Each structure stands twice: as structure tokens, then as C-alpha cells.
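Reader: I would like a close look at one part of this model, namely the pairing of charged side chains. Please walk me through it carefully, and then place it in its wider setting.

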Amino acid sequence: ITYTSLIPKASHKLKAGMPLYELLCLARPGPRAELVTLIKSLGDAVYKNGGFVTQLKSFGEQHLAYDLRKPFEKYDSAHVWQMDFVSSVDGLRPLDHQLHVSDKVLRWTVIKRPLGSKPAHSALADE
């Protein structure tokens, strides 16, 4: 599932010092509306700091290889999704803060990608 309706409809020009990033996120399983709210708020954080979202992908709810634990909680599945975005280095701080504070996010990683490179999910599909 791709969430193209959540990507802002604005024309952006790539500025110097704004690399491409990939956010891969494991979110707590739950209602779809919660997930959409989370993705929208993270996309807004990128947009407000001068960046823009280039792609959103959802890999659905996946069974995890091992349980993820939070205080008094244990998860054996999570909703996995990816957001590709262009942002300055300073624009990552508010995004990272929102990911830390959100109780809906279980785990995440942000990867800096060279422009023009293949996304991680398509590189795996080629093997």
C-alpha cells in the first residue's frame, strides 16, 4: 500500500546540503487511523523544517522474528512502513524527537542515501 495522498502537493527544488533519507519504522499494531495519524505528523515535521517526502510505502502488519518489549508490553507483530524524504541535517532533530516521544513507534532507523541510489527494499528484491 502506498500513501500518496499524504504527500504534500508542492513543488520543491533540491537545495545543496539536503540529502535523501529513508525512515524504516516498526509501529505498534492497531487501527489504521492511528497509523495514518502517525505518518501524517511525521511527514508534517519533515515539511515544516524545509524538507519534503518523496515516497511512502507500507509493508503491512508483519510477524516479527523476536518479541519487542516495552515496559509492561510485548509485541510479536508490528506494522512496517517506510518514508523516503529529503531534508537538511537540522530537519532530522524534530523528526527524531517525535519518534522518541510517540508511544505508537516501537523501533525505527533513518538511513542517509546518496541521490540516485536504489532504495533498500528494491535492492533486496534484485538479489
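Author: A salt bridge is taken here as a side-chain nitrogen of Lys or Arg within 4 Å of a carboxyl oxygen of Asp or Glu. The model is a predicted one, in which local features need pLDDT of at least 70 and side-chain atom pairs count only at pLDDT 80 or more, while totals for chains, interfaces and linings use all residues. Residues are numbered from 1 along each chain as its sequence is written, and side-chain values use heavy atoms, with hydrogens and water left out.

The structure holds 4 salt bridges, and one of them pairs Lys74 with Asp67, whose closest N and O atoms are 3.6 Å apart. Lys74 is exposed, its relative accessible area being 51%, whereas Asp67, at 31% relative accessibility, counts as partly exposed; buried means under 20%, exposed over 50%, and partly exposed in between (1.4 Å probe, protein chains only).

The part that deserves the closest reading is centred on Arg28, which is linked with Glu34 and Asp103 in a network of salt bridges. On one side, Arg28 forms a salt bridge with Glu34, and the closest N and O atoms of that pair are 3.4 Å apart. Glu34 has a relative accessibility of 30% and counts as partly exposed, and Arg28, with a relative accessibility of 22%, also falls in the partly exposed class. On the other side, the side chain of Arg28 meets that of Asp103 in a salt bridge with an N to O distance of 3.7 Å. Arg28 lies in the loop between strand S1 (20-27) and helix H1 (32-48), and Asp103 lies in the loop between helix H2 (92-101) and strand S4 (105-113), so this pair ties together parts that are 75 residues apart in sequence. Helices (H or I, at least four residues) and strands (E, at least two) are DSSP runs, numbered from the N terminus.

Another place where distant parts of the chain come together is found at Met18, which lies in the segment before S1. Met18 counts as buried, with a relative accessibility of 8%. The C-alpha atoms of Met18 and Ser88 are separated by 4.6 Å, although these residues are 70 residues apart along the chain. If residues up to four places away in sequence are not counted, Met18 touches Gly50, Gly51, Val86, Ser87 and Ser88, a contact meaning heavy atoms within 4.5 Å.

As for the wider setting, the protein has 3 helices and 4 strands, and from the N terminus on its elements run in the order β-α-β-β-α-β-α. Of its 127 residues, 35% count as buried; Met18, at 8% relative accessibility, is one of the buried residues, while Arg28, at 22%, counts as partly exposed. Among contacts between residues at least 6 apart in sequence, 78% join residues at least 24 apart. The salt bridge of Arg28 with Asp103 can be read alongside that figure, since the pair ties together parts 75 residues apart in sequence.
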